[in-house]
Amino acid sequence: MTVETEIPADHPRKVSLLIRDTIIAGHTDHVVATAGLLAHGRGEAFDYLIGEQTTQLAEKAIKAAVASLLLARHPVISVNGNTCSLVPNDLVALSEITRAPLEINLFYYREDREDAIIRVLRTAGAKAVLGTRDRPSATIPELSSNRRKVDSEGIWAADVVVVPLEDGDRTEALKSEGKFVVAIDLNPMSRTAIYADITIVDNVVRALPLMVKYALKLKKKPKRELQEIVRSFNNDQNLGQSIRFITSRLEELSRDISVLRQKKPAGVRES
Ligand code: ATP
């Protein structure tokens with residue numbers, strides 16, 4: 001989504017502010033729910049704690065997540081307003097490479113929000129979008145929210161479901177339906193993070209493009225290699241290490257806060 005902005009090119013927090021502008025524009029266009037703005041704020045706070053970068057731990061989780069998608073019988077990528085507004089092109093690219101359909105699933109459902117999300121996804125190149133009101137649906141019994149309604153040929157039939165920016169209830173419900181859940185959540189302590197099978201502790205704006213890159217790379221690998229990547233990934237361990245990453249970063253900063261003054265603009269990836 002293109003956003004008109006007056007943020008100066010050399011502003012030290014340009015990337016973060018641009019992302020914020022994108023979410024606000026998504027809200028104006030009815031793609032993002034008002035509660036989505038608050039969820040974004042919580043994400044920003046955790047992003048600050050990890051230094052607004054993709055950690056090696058997140059990259060390891062991304063690799064395992066992509067391998068699980070490529071191995072899946074019927075993978076599905078769940079889409080909500082925030083992800084649609086932030087990374088529509090990457091969602092479509094990942095969906096095509098991994099043959100995982102996109103399915104709209106909204107906590108704050110409104111017909112105009114569904115329509116706005118379809119428009120954005122179609123503009124980004126999506127050929128099919130599941131979970132819309134004209135589609136056959138099924139119900140996840142463990143859930144009482146709007147999100148209980150899923151597409152009969154999508155999440156209902158899926159073995160692997162990617163849930164970027166999820167609420168914990170739904171992750172638990174998907175787990176109790178026997179799904180393998182891949183989450184993207186900047187908060188390593190959220191219920192989503194702890195119930196998912198693979199949690200990518202990273203911002204969707206960095207994680208999704210990297211997932212696309214890994215999908216192109218891993219698609220060429222033998223099944224055996226992909227199985228080994230998934231088998232050797234331990235989510236609890238990765239989350240624990242992600243929390244330790246934050247605590248040791250804060251420890252270091254507490255000893256010398258001046259390093260933050262020399263910091264590159266947020267979002268610049270160290271290579
Ligand atoms: P849970 O129910 O899983 O404990 P929660 O109550 O925090 O989590 P929500 O407020 O519905 O759930 O979801 C927002 C979550 O999404 C937060 O954990 C937040 O850190 C995360 N989040 C927000 N924006 C982003 C983003 N751009 N990239 C990754 N994660 C994000």
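Contact here means heavy atoms within 4.5 Å. In this predicted model, A72 touches D159 and V160, with residues up to four places away in sequence not counted. A72 lies in the loop between α3 (56–71) and β1. With a relative accessible area of 17%, A72 is buried, because the cut-off for that class is under 20%. A72 and T83 are 11 residues apart along the chain, and their C-alpha atoms are separated by 22 Å.

I229, in helix α10 (residues 223–231), is likewise assigned a relative accessible area of 17% and is buried. Its contacts, again without residues up to four places away in sequence, are K63, A64, A67 and L218. Between I229 and V162 the separation is 67 residues in sequence and 17 Å in space, C-alpha to C-alpha.

Helix α6 spans residues 111–123 and has 13 residues. From the first C-alpha of α6 to the last, the helix reaches 18 Å, close to the 18 Å expected at 1.5 Å a residue. The buried residues of α6 are R113, E114, A116, I117, I118, V120 and L121. These buried residues pack against the strands β1 (75–79), β2 (102–104) and β3 (129–130), and against the helices α4 (81–86) and α5 (88–98). Just after α6, a positive phi of about 110° is found at G125. Charged residues of the helix also take part in pairing: E111, E114 and D115 are linked with R133 in a network of salt bridges. E114 of this network is also listed among the buried residues of α6.

One aromatic pair is found in a search of the whole structure. The pair consists of F107 and Y108, whose ring centres are 4.9 Å apart. Their planes meet at 65°, so the arrangement is edge-to-face; the cut-off for this class is over 60 degrees. Both partners are partly exposed, F107 with a relative accessible area of 38% and Y108 with 44%.

Side chains of opposite charge can pair when their charged atoms come close. The count of salt bridges in the model comes to 15. One of them joins the side chains of R20 and E44, with an N to O distance of 2.8 Å. This pair links distant parts of the chain, since R20 is in helix α1 (residues 14–28) and E44 in helix α2 (residues 34–50), 24 residues apart. R20 counts as partly exposed at 38% relative accessibility, whereas E44 counts as buried at 18%.

Helix α2 also contributes D47, which meets R206 in a salt bridge of 2.6 Å, N to O. R206 belongs to helix α9 (residues 204–218) and D47 to helix α2, and the two residues are 159 residues apart, so that distant parts of the chain are linked. Both side chains of this bridge are on buried residues: R206 has a relative accessible area of 14%, and D47 has 5% relative accessibility.

A further salt bridge is formed by R135 and E153, the closest N and O atoms of which are 2.9 Å apart. R135 lies in the loop between β3 and β4 (137–139), and E153 in the loop between β5 (149–151) and β6 (160–164), so the bridge ties together parts that are 18 residues apart in sequence. R135 counts as partly exposed, at 24% relative accessibility. E153 is also partly exposed, at 48%.

Turning to the surface, I257, V259 and L260 make a nonpolar patch of about 240 Å². I257 lies in the segment after α11 (235–255). At 51% relative accessibility, I257 counts as exposed, because that class begins over 50%.

Terms used. Residues are numbered from 1 along each chain as its sequence is written. This is a predicted model: local features need pLDDT of at least 70, side-chain atom pairs count only at pLDDT 80 or more; totals for chains, interfaces and linings use all residues. Side-chain values use heavy atoms; hydrogens and water are left out. Helices (H or I, at least four residues) and strands (E, at least two) are DSSP runs, numbered from the N terminus. The expected span of a helix is 1.5 Å times one less than its number of residues. Buried means under 20% relative accessible area, exposed over 50%, partly exposed in between (1.4 Å probe, protein chains only). Rings of Phe, Tyr and Trp (its six-membered ring) pair if their centres lie within 6.5 Å; planes under 30 degrees apart count as stacked, over 60 as edge-to-face and the rest as tilted. Patches are made of residues with over 30% relative accessible area and no salt bridge: like charges are joined within 9 Å, nonpolar side chains (Val, Leu, Ile, Met, Phe, Trp, Tyr) within 5 Å. Accessible areas come from the Shrake-Rupley method with a 1.4 Å probe; for residues, only the protein chains shown count as cover. A salt bridge is a side-chain nitrogen of Lys or Arg within 4 Å of a carboxyl oxygen of Asp or Glu.
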